[in-house]
Amino acid sequence: MPDKPEYLELLNDIRLQEYRAGIFLKAWADKTEHPGLKGCLSVVAERETSHGDIFDRRIRELGGTPEDKDDDLFHERLRVAESDMTDAEKIVQMREFQTRMTLPTVRMRYEEAAQDESVDQLTRSLIKWFTEVEDDSGASMRAVYAEIEGSQ
Ligand SMILES: [Fe+2]
């Protein structure tokens, strides 16, 4: 059995972050009546869930075991997503949650791992592809947020 790489913990944190984003973004997509926001959130939620699956699989391929950890911020995000707040209020809340993430963020950690030669090649390629998809999702969400905030 090869030794398990130490970056399995990062892969597990990505896995959890993605699965959870898939859940709260889907909850918001189901709730909103804004067609542009509903479409965008549905696409991004599906991407997040599939990223959770991909990292779950990669952890197991590397000999690890996916692990669950509690995350208070997830429960708060889900409560906001499912609530009767307006979309504009939810956008403000979601941004505020971003500022409360522990540092270094998972994003900072995977950007570093993508450049780290001690991380296996396939995992680094996976992280690079995943980063591009995350950037595209972020850009779509910012565009629709701007549209909603501009129409208030
Ligand atoms: Fe994500």
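**Exercises on helices and cores**

**Exercise 1.** What span does helix 6 reach from its first C-alpha to its last, and what is expected at 1.5 Å a residue?

*Solution.* Helix 6 covers residues 121-150, which is 30 residues, where helices (H or I, at least four residues) are DSSP runs numbered from the N terminus. The expected span is 1.5 Å times one less than the number of residues, and helix 6 reaches 43 Å, close to the expected 44 Å. This is a predicted model, in which local features need pLDDT of at least 70, side-chain atom pairs count only at pLDDT 80 or more, and totals for chains, interfaces and linings use all residues. Residues are numbered from 1 along each chain as its sequence is written.

**Exercise 2.** Which residues of helix 6 are buried, and against which helices do they pack?

*Solution.* A residue is buried if 20 or more other C-beta atoms, placed from the backbone, lie within 10 Å of its own. In helix 6 the buried residues are T123, L126, I127, E134 and S137, and they pack against helix 2 (35-61) and helix 5 (106-115).

**Exercise 3.** Which helix gives the most to the largest nonpolar core?

*Solution.* A nonpolar core is a set of buried Ala, Val, Leu, Ile, Met, Phe, Trp, Tyr and Cys residues joined through C-beta atoms within 7 Å. The largest has 11 residues, including F24, W28 and V80. Helix 1 (8-31), helix 2 and helix 3 (72-82) each supply at least two residues of this core, while helix 2 gives the most, with five.

Notes. A residue is buried if 20 or more other C-beta atoms lie within 10 Å of its own, exposed if 12 or fewer, and partly exposed in between; C-beta atoms are placed from the backbone. Two residues are in contact if their C-beta atoms, placed from the backbone, lie within 7 Å.
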